[in-house]
Amino acid sequence: MFIQDLRQDFYNRLVGKRLLIIVNYDIDAICGSKILQSLFKYDHMLYSVVPIMGIAGLQRAYNEHQGDVKFVILVNCGGCVDVVELLQPEEDVIFFICDAHRPLDVCNIYSDRQVCILGDPALEESIPAFESIFCESDDEGDSEHEADEDDGANDSGAGGSDEEDAEKNERPPAQKLSRLERHEQRVMKQRQRRTWENERDRIMFEYTQYGFYGRSTAFTIFELAWKLSKDNMDLLWWAIVGLTEQLILGKIESSAYTLEIENVQSHVSRLTNKTNDQTNMSASKINFENDLHLVLYRHWTVVESMRYSMYCACKLRLWTLRGEKRLHELLVEMGLPLAQARQMFSSMDLVLRQEFYKTIEKLAEKYGIPDIVYGSFTLSYGYRNRYSAADYVYGMLAILESVKKDKTPEDCFLEALDSLSRNHRNIMVEGIENAKLLLSSIFKQVQSSLESHQVLSTGTFFYYILNEENSYFSYPYGLTLLAKFMLNGHVTTSRSRQAPELPLIASCPVDLERGLCLLVGIPPVREDSPKNFFGKAFEQAASKSNAVILQDFFETSLIQIRQNDLAKFLDALTVLLA
């Protein structure tokens, strides 16, 4: 059931209640939960926040914390699974789902009481009609009842007397055919049911075939804060970070991002005017500006930022000597001396810093990087602190990936949550430094793999397999970023015309002792849509090859598989996608 009036049907129902907030392990979800917590603190509400990493985590979190909680909020999780079937809650427990993953589970959509989805049904794509996927018929019960009647009639006929046979002969013809008619009706009903079930399977396959993302959860929750008149610059910034994560990780199209930032700009203007009277140098200020697709360039050197940015590196082929030479040519035309380009951007000559954006935009077409410019937001506070939304995304991403023996995923989650606060600037600074290490490791891995031709083709997809555990790539975010960079880099260097139309599957061990590896599917470069078909493809390939896989992530294109099963799984996938 969708609820659109979030103030009345969602927030006002929660006031004064004890709440359980279950949050998925991603940046958009963390930003959304941070906004929610800010609202709940404002109204002195009791709540527990539990981070999870998958479906098993959702079950465990609910079972451990359900207690006397009657209202459960699921942030970026639970929308794509039948929550009631999965968690088996008491009848008076209500789930509120704010989830950007699509497609939503039809049982959640048509639940009339226990499941409430925060959002507008008009924005959803091709939700199947209720009558086309749910049937309230009792055909099977009727069939069994009729069959019993027939058997009873046969028994009585066998043991009956001659008088009964005589009575039967005296019945009108219509009554004589009634048993045959009943049988025909039963056959017709079974045939109709089979036809209906086949049609339902087709509709459900088409509906669930692709995994994709809807509107940012953080921005949905921010609009609730706005309607409650409890919004401020900090809440808006967290919503912007959640939205920017969707763009940077390719979860939404750039056109959807552009439409959304128009809404964001109106909120920025409104809140800027609202706080103008109280402005001082310690207050935060958000600005909209055209930015560059160069990773962390405000906190790095220009040379390293350009080399480790996927877009720029792939367009200029910066892992080759020719690409490096072309980068130097670009810097020369920009009038940027190599000595300046190799020092921190903040330490560069003031005039060069001010002219940097204009000069690179002017030369973008000539050097084949026309899309390097995009609209973004920056946060300024104090005298020296200036961050773009993308800086926050990469910093938080590195924090979430920094799981170690003495640092659990829950610790990383809480650290990422704290990094959003301006009071904990040191956490974000450390996250950005770790992000630099992650991005440079990705580039070096791509460079060595492309030079040694480790990306192989089956004819229907590319595959890239790492054979050793890696502190960066044994985690979902790191492996996904590596796979995207690898696919774009391989397509750029490949002479095959078919290359832009083929997807990539990348694999990295996560636990060599247990023989488990993480596997991700990346859609083809040529496909503009971020829709991913690998969720269903993995499911079918595992079924055909009898491979044991674990589809526990809410991101369906990510699975865990036994290394022993990997070869036969890829063979089955090759046949399936042929």
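Modeller: Helices here are DSSP runs of H or I with at least four residues, and strands are DSSP runs of E with at least two, both numbered from the N terminus. This is a predicted model, in which local features need pLDDT of at least 70 and side-chain atom pairs count only at pLDDT 80 or more, while totals for chains, interfaces and linings use all residues. Residues are numbered from 1 along each chain as its sequence is written, and side-chain values use heavy atoms, leaving out hydrogens and water.

Biologist: What makes a set of points a cavity, and how many of 30 Å³ or more are found?

Modeller: On a 1 Å grid over the protein atoms alone, a 1.4 Å probe must fit at the points but be unable to get out. Two such cavities turn up in the whole structure, and the largest holds about 40 Å³, a volume being the space filled by probe spheres set on the points.

Biologist: Which helix gives the largest share of the lining of the largest cavity?

Modeller: Helix α21 (residues 425-451) supplies four residues. The lining, meaning residues with an atom within 4 Å of a point, includes Ile427, Glu430, Gly431 and Asn434.

Biologist: What makes Gly431, in that lining, count as polar or nonpolar?

Modeller: Gly is placed among the polar residues, so Gly431 is polar. By class, this lining has two nonpolar, three polar and four charged residues.

Biologist: How do you know the class of each residue lining the second largest cavity?

Modeller: Phe10, Leu36, Ile73, Val75, Phe96, Cys98, Leu118 and Ile221 form that lining. Phe, Leu, Ile, Val and Cys count as nonpolar, so the tally is eight nonpolar, no polar and no charged residues.

Conventions:
On a 1 Å grid over the protein atoms alone, a cavity is a set of points where a 1.4 Å probe fits but cannot get out, and a pocket is an open set with protein on both sides within 12 Å along at least five of seven lines; lining residues have an atom within 4 Å of a point.
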